[in-house]
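Reader: I am new to this structure and would like a close look at a single part of it, the sheets and what packs on them. Please put that part in the setting of the whole chain.

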Amino acid sequence: MSAQILLPDAVDRAGAVLAGGGLVAFPTETVYGLGADALSGDAVGRIFRAKGRPADNPLIVHLADAGDLGRVAGAVPSLARRLAAEHWPGPLTLVLEAHPDVPSVTTGGLRTVAVRVPDHPVARALITAAGVPVAAPSANRSGRPSPTTAAHVLADLGDAVDVVVDGGACRVGVESTVVDARGGTPVVLREGSVTREMLGLRDGGPAGELEASPGTRYRHYAPTCDVVVADATALHDVVTRHLRAGARVGLVASTRRPVPDGAESVARFGDAAELASLLYRALRDAEDAGVDVLVVEAVDETDVGRAVMDRLRRAAAG
Ligand code: TXA
Ligand code: MG
């Protein structure tokens, strides 16, 4: 069976599929999510099977409105209230004590739950139409680059989802920042476009805490070609070395850089935010173009550059 593709004006139909226990892929401002009723263990179980996702990697629960937080969180401390007020709707996920109604399959067996209100009108209209909180990981096969278009979702999961709502390309392009909001200060579990600076962590916050998010343990974002990250100063030499070795070399570089002879330009970017928005598409395009090595120019690890470099390192390690 293959997925039904719906346009955003059909969110009521897609919402009914969610309410009935089905799987609906939908756009958010970050990446496409693979949604199911977060309060139904059976529906959420289908997400894990469709993605081939390890059972101990918990899902993010999506709400249409911060006012619904009490349906999924057992407690909402003042830090969480403040972060929600400042950043929702938006690409910030809060880890909180889980409400007993949230099944353990959704939380990967943890006593906490990850929650966010996406900043995308289609996503929020869909969740409202469903009438339930919507659990949604990125809508890729486990280990693949996250999807930023409906076509990416169909390529990975076309046979496994009931409906794909096609809302065009995602604006941000990297997944939400995940923050443990149970204590007095935010603890960053996954980097995203809501930066440490925006969270008020002036010196970057505590180090080493990234271990605490189960998903960061797994291999991620790996296309079938090799990914090599190079500083601007080394870019030309790195490309030349791979070309000399007989490889077809794809390049993702700043528009300020000339494309070395023999390299195939896959994407160009103006700044780190633009690289974030096109990175996953570039990984898939490089694959489709059949290049052997994709060389990507590094960006400064400030602001959204931190999230971009985190994802690039994982892609390169795969
Ligand atoms: O932008 C996003 O966050 C996208 C869109 C669809 O909202 N979703 C997404 O989901 O990236 P996923 O499943 O690919 O990544 C969720 C991350 C994983 O690293 C997971 O381990 C972590 O959030 N996570 C979920 N629940 C958690 C919890 N209770 N404690 C700690 N980490 C948690
Ligand atoms: Mg993911």
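Author: What follows starts with the domains, goes through the two sheets, and ends with a helix pair and two backbone details.

This is a predicted model, in which local features need pLDDT of at least 70 and side-chain atom pairs count only at pLDDT 80 or more, while totals for chains, interfaces and linings use all residues. Residues are numbered from 1 along each chain as its sequence is written, chains are lettered from A and ligands numbered from 1 in the order in which they are written, and side-chain values use heavy atoms, with hydrogens and water left out.

The chain is divided into domain 1 (4-212) and domain 2 (226-317); the bounds come from an automatic or database domain assignment. The centres of the two domains, taken over C-alpha atoms, are separated by 28 Å. In domain 1, 24 residues are in contact with 12 residues of domain 2, where contact means heavy atoms within 4.5 Å.

Helices (H or I, at least four residues) and strands (E, at least two) are DSSP runs, numbered from the N terminus. Two strands pair if DSSP finds at least two bridges between them. Strands of a sheet pair through backbone hydrogen bonds, either parallel or antiparallel.

One open sheet has four strands in the order E11-E14-E12-E13, with parallel pairing. Its edge strands are E11 (226-230) and E13 (264-269), each pairing on one side only. Neighbouring strands of this sheet are turned by 20° against each other on average, direction ignored. Axes are lines fitted to C-alpha atoms, for helices over the stretch in contact, and angles run from 0 to 180 degrees between N-to-C directions. Strand E12 (residues 249-254) pairs with E13 in the parallel sense over five bridges, and Leu-251 stands opposite Ser-265 in E13. Helix H7 (residues 235-244) packs on the sheet and touches E11, E12 and strand E14 (293-297), its direction making about 175° with that of E12. Helix H9 (residues 305-317) also packs on the sheet, touching E11 and E14, and its direction makes about 135° with that of E11.

The other open sheet has 10 strands with mixed pairing, in the order E1-E8-E2-E3-E7-E4-E6-E5-E9-E10. Here the edge strands are E1 (4-6) and E10 (187-190), and each pairs on one side only. Strand E2 (residues 24-26) and strand E8 (residues 163-165) pair in the parallel sense over two bridges; the bridge partner of Val-24 in E8 is Val-163. Helix H3 (residues 78-87) packs on this sheet, touching strand E5 (92-97) and strand E9 (177-180), with its direction at about 160° to that of E5.

Next comes the helix pair. The axes of H1 (residues 11-19) and H5 (residues 121-130) come within 7 Å and cross at roughly 55°. H1 and H5 are therefore oblique to each other, since angles under 35 degrees count as roughly parallel, over 145 as roughly antiparallel, 65 to 115 as roughly perpendicular and the rest as oblique. Residues of H1 that meet H5 include Val-11, Gly-15 and Leu-18, and those of H5 include Val-122 and Leu-126.

Two backbone details remain. Pro-89 lies in the loop between H3 and E5, and the peptide bond from Trp-88 to Pro-89 is cis, with omega near -5°. Asp-303, in the loop between E14 and H9, has a positive phi of about 50° although it is not a glycine.
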